[in-house]
Amino acid sequence: QVQLVESGGGLVQAGGSLRLSCAASRSILSINTMGWYRQAPGKQRELVATIAWGGNTNYADSVKGRFTISRDNAKNTVYLQMNSLKPEDTAVYYCNAVLVVNFRFNDYWGQGTQVTVAS
């Protein structure tokens, strides 16, 4: 239904910034919700930020004021701007899309991109 390709991960120093990109294979205007999740080794995958079709955004408390989710509809791309990075932000970051078809919520995931923040 939709393929997601992530880019932008890497190694950064604490206090630095990084921007992740997620390119979708279809118009993001046809996707109900897109977002970013992250998972550290041995931990549950957790929500980082989401953006709904209408533009409403939600953030995890741990990233409020530091991270910003945005989109470029013409490029079918969602971004995650990460500022003031902390070592505890180290994780694999996954792009997520929720597509509703016939009242069924379908989850799609990118391959993940590693973000490592050095202390």
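R38 is buried in this predicted model, with a relative accessible area of 6%. Even so, the side chain of R38 has a charged partner: R38 and E46 meet in a salt bridge, with 2.8 Å from N to O. E46 sits at 36% relative accessibility and therefore counts as partly exposed, since the range for that class lies between 20% and 50%. From this pair we can move on to the other salt bridges, then to the core, the cavity and a few single residues.

**Salt bridges**

- The whole structure holds 4 salt bridges, according to the search.
- R38 and E46 also belong to a wider group, as they are linked with R66 and D89 in a network of salt bridges.
- Within that network, the side chains of D89 and R66 meet at 2.8 Å, N to O. D89 lies in the loop between strand 8 and strand 9, while R66 lies in the loop between strand 6 (57–59) and strand 7, so this pair ties together parts that are 23 residues apart in sequence.
- Are D89 and R66 buried or exposed? Both D89 and R66 are buried.
- D61 and K64 form another salt bridge through their side chains, at 3.1 Å from N to O. Here both partners, D61 and K64, are exposed.

**The nonpolar core**

- As background, nonpolar side chains tend to be buried together in soluble globular proteins.
- The largest nonpolar core in this model has 30 residues, and the members that touch the most others are L4, M34, W36, L80, M82 and Y93.
- Which strands each supply at least two residues of this core? They are strand 3, strand 4, strand 5, strand 7 (67–72), strand 8 (77–82), strand 9 (91–101) and strand 11 (113–118).
- Strand 9 gives the largest share of the core, with 5 residues.
- M34 is a good residue to click on if you want to look around the core. Beyond its neighbours within four places in sequence, M34 is in contact with L4, C22, A24, I28, T50, I51, I69, V78, C95, N96 and A97.

**The cavity**

- Rolling a probe the size of a water molecule over the atoms shows where empty space is left.
- How many cavities of 30 Å³ or more does a search of the whole structure find? The search finds 1, and the volume of the largest cavity is about 40 Å³.
- I28, I31, T33, M34, I51, A52, W53, R71 and V78 line the largest cavity. M34 thus appears both in this lining and among the core members that touch the most others.
- Strand 4 (33–39) and strand 5 (46–52) each contribute at least two of the lining residues.
- Sorted by class, the lining has 7 nonpolar residues, 1 polar residue and 1 charged residue.

**E6 and R19**

- E6 is part of strand 1 (residues 4–7). At 6% relative accessibility, E6 counts as buried, because that value falls under 20%.
- Setting aside neighbours within four places in sequence, E6 is in contact with S21, C22, W36, Y93, Y94, C95, G110, Q111, G112 and T113. Among these contacts, W36 and Y93 are also listed with the core members that touch the most others.
- E6 and N56 are 50 residues apart along the chain, and their C-alpha atoms are separated by 22 Å.
- R19 belongs to strand 3 (residues 18–24). With 47% relative accessibility, R19 counts as partly exposed.
- Outside its neighbours within four places in sequence, R19 is in contact with S7, G8, Y79, L80 and Q81.
- R19 and P87 are 68 residues apart in sequence, while their C-alpha atoms are 16 Å apart in space.

**Backbone at N102 and F103**

- N102 has a positive phi of about 50°, although N102 is not a glycine. F103 likewise has a positive phi, of about 70°, and is not a glycine.
- Where is F103 found? F103 is in the loop between strand 9 and strand 10, and N102 lies in the loop between strand 9 and strand 10 (104–109).
- N102 is exposed, with a relative accessible area of 72%. F103 is exposed too, with a relative accessible area of 80%.

Technical notes. Residues numbered from 1 in each chain as written. Heavy atoms only, no water. 1 Å grid on protein atoms, 1.4 Å probe; cavity = no way out; pocket = protein on both sides within 12 Å on 5 of 7 lines; lining within 4 Å. Points joined across faces, edges and corners; volume = space filled by probe spheres on them. Helix = DSSP H or I, 4+ residues; strand = E, 2+ residues; numbered from the N terminus. Nonpolar A, V, L, I, M, F, W, Y, C, P; charged D, E, K, R; others polar. Buried < 20%, exposed > 50% of the residue type's maximum accessible area, 1.4 Å probe, protein only. Contact = heavy atoms within 4.5 Å. Core = buried A, V, L, I, M, F, W, Y, C linked by side-chain atoms within 4.5 Å.
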